[in-house]
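Let's take a walk through this protein together, from its interior out to a few of its loops. Have the viewer open as you read, and pick out each residue as it comes up.

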Amino acid sequence: MSIKNIAMRIMYDGSNYHGWQVQKSEVTVAGTIETALSRLCEQPVRIQGCGRTDAGVHAELYCANFKSSTNIPVDRLPLAVNSLLPSDISIQMAMQVPDDFDSTLSCVKKEYTYRIYNSRIRNPFYANRAYFYPQNINVDAIKKAARHFVGTHDFAAVRSVGTETKTTVRTVFWYDVEENGCFLEFRACADGFLYNMARAMVGTLLYVSEGKISPDELPTLLTKKDRRLAGPTVPPDGLYMTKIWYNGDVGNMFT
């Protein structure tokens, strides 16, 4: 039997999982999908994801690929595997891709969105899905500061030590801050994200709102590359992977 490389478009609520990456003793998104696919394909399956989302982080759009000799038609795979998955994970689409396609290495850029529920009174329906922040927010100051994240910079000041990387330089294509009722959304698109970078960027902007950092201090803060000078890493429950880009036919799955 020939081996097929299959890419999948996935959505998941990460509240009940210890992140994406397979771990020996924790329930993870990848591990849960691998178990379902292995059962469906009647052979061991290992999947490659487009990024390592942390415990409690969600994905409205996510890509993973795996190789298998299964004879299940690719267009029927989503319905088949979803019947074996819990309700908080869903395979939306699947397609056969070239053998050299890799969800991580082939990804052109990603967008993460962080959602804050800004109200004096919490809403239980947004528990684990948005960061409850009851303080007043200076949106104008945040927007002024956020512009300094755009461009190619060394983002060592807004990353946590954890995953080794060759360089801490990344290119941020846009950083938009939008108000929608009680919600405040921080949308960051980059060619890659360092460990906890998206959440530390939000924490730094909240420090700007609180007057602990001036909006014009952001360039200097990045240049100093000192994590202690930036804001805290905000909780994971407000973070979503919302867009991903690929070249070729596989990119059509994510438009």
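A definition comes in handy before we start: a salt bridge here is a side-chain nitrogen of Lys or Arg within 4 Å of a carboxyl oxygen of Asp or Glu. Bear in mind, too, that you are looking at a predicted model.

With that cut-off in hand, go to Asp102, in the loop between strand S4 (89–97) and strand S5. Which side chain of opposite charge is nearest to Asp102, and how far away is it? It is Lys67, at 7.8 Å, and Asp102 has no salt bridge although it is buried. Because a salt bridge has to fall within 4 Å, the distance of 7.8 Å to Lys67 does not qualify. What Asp102 does touch, once neighbours within four places in sequence are set aside, is Gln48, Asn65, Cys107 and Tyr246.

Now step into strand S5, where you will find Thr113. Thr113 is buried, with a relative accessible area of 0%. Its side chain makes a polar contact with the side chain of Thr242, at 2.9 Å. Not counting residues up to four places away in sequence, Thr113 also touches Glu185, Phe186, Arg187, Gly238, Leu239 and Tyr240, along with Thr242 itself.

Phe186 is a good bridge to the next stop, the largest nonpolar core. This core has 79 residues, and Phe186 is among those with the most contacts inside it, together with Met8, Ile10, Trp20, Ile33 and Tyr175. As background, nonpolar side chains tend to be buried together in soluble globular proteins. Take Tyr175 as a guide to the surroundings: leaving aside neighbours within four places in sequence, Tyr175 is in contact with Ala146, Phe149, Val150, Phe186, Arg187, Ala188, Met201, Val202 and Leu205.

Which helix gives the most to this core? It is helix H4 (residues 197–209), which supplies eight residues. H4 has 13 residues and spans 18 Å from its first C-alpha to its last, close to the 18 Å expected at 1.5 Å a residue. Is H4 mostly covered or mostly uncovered? Mostly covered: 12 of its 13 residues are buried. Among the buried ones are Met201, Val202 and Leu205, each of which is also in contact with Tyr175.

Have a look at what lies on either side of H4. In the loop between strand S9 (183–190) and H4 sits Asn196, whose phi is near 65°, a positive value in a residue other than glycine. Asn196 counts as buried, at 13% relative accessibility. Just after H4, Gly211 takes a positive phi of about 80°.

A second asparagine makes a nice comparison. Asn128 has a positive phi of about 70° although it is not a glycine, and it belongs to the loop between strand S5 (107–117) and strand S6 (131–132). Where Asn196 is buried, Asn128 is partly exposed, with a relative accessible area of 45%.

Finish at Gly151, in strand S7 (residues 151–154). Gly151 is partly exposed, with a relative accessible area of 22%. Apart from residues up to four places away in sequence, Gly151 touches Arg170, Thr171 and Val172. To get a sense of scale, trace from Gly151 to Ile33: the two are 118 residues apart in sequence and 36 Å apart in space, C-alpha to C-alpha.

Technical notes. Residues are numbered from 1 along each chain as its sequence is written. Side-chain values use heavy atoms; hydrogens and water are left out. A nonpolar core is a set of buried Ala, Val, Leu, Ile, Met, Phe, Trp, Tyr and Cys residues joined through side-chain atoms within 4.5 Å. Buried means under 20% relative accessible area, exposed over 50%, partly exposed in between (1.4 Å probe, protein chains only). Helices (H or I, at least four residues) and strands (E, at least two) are DSSP runs, numbered from the N terminus. Contact means heavy atoms within 4.5 Å. The expected span of a helix is 1.5 Å times one less than its number of residues. A polar contact is a pair of N or O atoms within 3.5 Å; within protein, one must be able to donate a hydrogen and the other to accept it, and residues adjacent in sequence count only if both atoms are side-chain atoms. Lys and Arg count as positive and Asp and Glu as negative; His and the chain ends are not counted.
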